[in-house]
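Here are my notes for you to read alongside the model. Keep the structure open and look up each residue as you go.

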Amino acid sequence: MTEKNVKLLQGNEACVLGALYAGMKFYSGYPITPSTEIAEDSAVKLPKVGGKFIQMEDEIAGIAAAIGASLTGVKSMTATSGPGLSLKLENIGYAAIAEIPLVIVNVQRGGPSTGLPTSPAQGDIMQARWGSHGDYPMIALSPQSVRETFDLTVRAFNLAEKYRTPVMILTDEVVGHMREKIEIPEEGELEVFNRLVPEPGQPYMPYGIEEGDIVPKMAPFGAGYRYHVTGLFHDETGFPSNSSANAKYMLDRIMSKVNDHKDDIVTYDSYMLEDAEVVILAYGSSARTCKASVKKLREQGIKAGLFRSITIWPSPEAQIEAIGKQVNNIVVAEMNLGQYVYEVQRIVKSDALVHHIGRANGEVLTPDEIVAKVMEVL
Amino acid sequence: MNSTLVQNYFREEKLPHIWCPGCGHGIIMRAIAQAIENLGLDKDKVCIVSGIGCSSRAPGYMDFNTLHTTHGRALAFATGVKHANPDLEVIVITGDGDASAIGGNHLIHAARRNIGITTIVFNNNIYGMTGGQYSPTTPTGDLGTTAPYGNVDPAFDIAKLAAAAGATYAARTTAYHARPMTKYIEKAIAHKGFSLVEAISVCPTYYGRKNKKGSAVAMMNFLKDSFVDIKAAEKLPADKMVGKFIMGEFKHDETQEEYTSRYKKIIEQVKGAK
């Protein structure tokens, strides 16, 4: 048996190793706390595998260059935090409508504006989903540990390539900077998905769907296809179209890539949920706190359970709806003044009450205050 | 022999273009195709990237790998394309507003890096697509819909801006001077580092009408009469240069190594290391 590859890593370092495991060959970004280690580590490691790193002049250029690189056929990533995400939003919409695979890491920090640069927050949940103008699909994943940051980064690349869409990793300052012992998976242990490319010699419709495919096959620039890519609404040839019928068809199609494949995209986790009479719902680093709260509540004889959304967007709707039928009280715990709670309230169709506990002052939630909140609502 | 430029380098089914009658942009677009033909480039290896605006619609008509991006960001997207695949000949088509206002930061940094991208600025001194607002190259005092009492801003000299920022080839030409323009674009594409050709265009619809510059023909004649080649200008007495503008090659430096070639050396140095 070969020796296991065990390392003591920060979440941000694990993100880079996960990206390389998935086949990342390009990183472009701009330094911003608390995501900078992702850029620094990419700068060290990418040229060693023949990949390319570039520090761009600003956040907008950081995502723009990553989109350009992806069009040449390489897996590319950019990382940022709060203010940087605000700047990247326009081009997230571009990647969505032009269907460019791309991974965006957002190590959340306190906002608004420059806010609390070195403190954790989960305040970009709604921005991640709705931040760019117009309607577009979004996939966002939220890790709670260093190893999960590795795994979800691999997964983010897979989903980006499979569905030809930008995928966001919504981590936070706690997960990004904490160090944990992790075992790096062997090659082949985790699935790695590569985008579908057109068959040589076959006629190519850049935005046409072949039977059995979810997305159009993606030819790399330079491979002889000479097609057009635009952020304007376009038809299956890739050229702009003002037709409202085409706009509807195209938007329905890109929305359905995510909406019709939730079974493949959505993941979640739970703890002591089976017999729970009250459920705490959380994600990212807050979910770790909540696990301690569940243990404390159980010690006091309260049948509490934890549900953790790993895929934040799209939400685990069916599971959350079922929890609404199982219990009378759901407490959403998050490091903001109320964001994901609105999504949970939207989903829960029963009479169950959806409560919120959160703060946005740069401090993490403590197990005891969540326990107190649960006691208060029961 | 008739030219086969349109058949060979344009997407004929996408023509006619959207530009107004008398617009100078078609001449510049043609010159780019002519330069590519003259250089004998493989169409599959040419990537044309644009931002947003009148000029940025050009790539849709041109039969290459074409990328129409977001406003001002063409050079940032193009940097990703070129860095990821240096074998591609990357050409950016942009306008005065796209390149020097919203995209000004990307312009100076692409120039500073000396990355092997050729930028052709279609400078018509106005925001045409949005209906005639003043741009960073609208002359002081001229009118725009957002400069109803005369433009207060001084103008940018885009070719010199690029040269000062580190571009290793910078030239200016006009839509009237189609032959030298083709030559400059050819040299810019053949140049290994960052190159920029500022091509002065005309916008009779918005800039011309608002500023009473006469017909499209009158505006072309203005280009013919007002632009003096840099070498000729050096020999002219100062009084002969009043009201004139300088065109020609401002910078051509082959001694600076191109960005992706420098990065390639880093890869060779560290590749395979733990």
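1. A quick word on vocabulary before we start: a residue is called buried when its relative accessible area is under 20%, and exposed when that value is over 50%, with partly exposed in between. Also keep in mind that this is a predicted model.

2. So, is A:E57 buried or exposed? With a relative accessible area of 10%, A:E57 is buried, because that value is under the 20% cut-off. You'll find A:E57 in the loop between β3 (52-55) and α3 (59-71) of chain A.

3. Who are the neighbours of A:E57? Setting aside residues up to four places away in sequence, A:E57 touches A:Y30, B:N105, B:H106, B:H109 and B:R113. A:Y30 is 27 residues away along the chain, yet the two C-alpha atoms are separated by 6.9 Å. Two of the contacts to chain B are worth a look at the side chains: A:E57 has a polar contact of 2.8 Å with B:H106, and another of 2.5 Å with B:R113.

4. Now hop over to chain B and find B:T119, which sits in strand β4 (residues 117-123). B:T119 has a relative accessible area of 0%, so it counts as buried. Not counting neighbours within four places in sequence, B:T119 is in contact with B:L75, B:V92, B:T94, B:F194, B:S195, B:L196 and B:V197.

5. Back to chain A, which is divided into domain 1 (1-265) and domain 2 (267-377). The centres of these two domains of chain A, taken over C-alpha atoms, are 28 Å apart. Where they meet, 31 residues of domain 1 are in contact with 26 residues of domain 2. Together the two domains of chain A bury about 2,200 Å², with 57% of that on carbon and sulfur atoms. Which three residues supply the most of the area that domain 1 of chain A buries against domain 2? They are A:Q122, A:I125 and A:Q144, which supply 29% of it.

6. What else links the two domains of chain A? There are three salt bridges between them, and 19 residue pairs in polar contact, both residues being at pLDDT 80 or more. On the side of domain 1 of chain A that touches domain 2, the largest share, four residues, comes from α5(A). Sorted by class, that side of domain 1 of chain A has 18 nonpolar, six polar and seven charged residues.

7. Salt bridges deserve their own point. Side chains of opposite charge can pair when their charged atoms come close. A search of the whole structure turns up 33 salt bridges over all chains. One to look at is A:E183 with A:K4, at 3.8 Å from N to O. This pair links distant parts of the chain, 179 residues apart: A:E183 is in strand β9 (residues 179-184) of chain A, and A:K4 is in the segment before β1 (5-10). A:E183 is partly exposed at 33% relative accessibility, and A:K4 is partly exposed too, at 45%.

8. Compare that with a pair inside one helix. A:K325 and A:E321 form a salt bridge whose closest N and O atoms are 4.0 Å apart. These two are four residues apart in helix α11 of chain A, so about one helical turn separates them. A:K325 counts as exposed, at 64% relative accessibility, whereas A:E321 is partly exposed, at 24%. Finally, try tracing a network: salt bridges that share partners join A:R226, B:K43, B:D44 and B:D63.

Methods
Residues numbered from 1 in each chain as written. Chains lettered and ligands numbered in written order. Predicted model: local features only at pLDDT ≥ 70, side-chain atom pairs only at ≥ 80, totals over all residues. Heavy atoms only, no water. Buried < 20%, exposed > 50% of the residue type's maximum accessible area, 1.4 Å probe, protein only. Contact = heavy atoms within 4.5 Å. Domains from an automatic or database assignment. Buried area = accessible area lost by both parts, 1.4 Å probe. Salt bridge = Lys/Arg side-chain N within 4 Å of Asp/Glu carboxyl O. Polar contact = N/O pair within 3.5 Å; in protein donor to acceptor, adjacent residues only side chain to side chain. Nonpolar A, V, L, I, M, F, W, Y, C, P; charged D, E, K, R; others polar.
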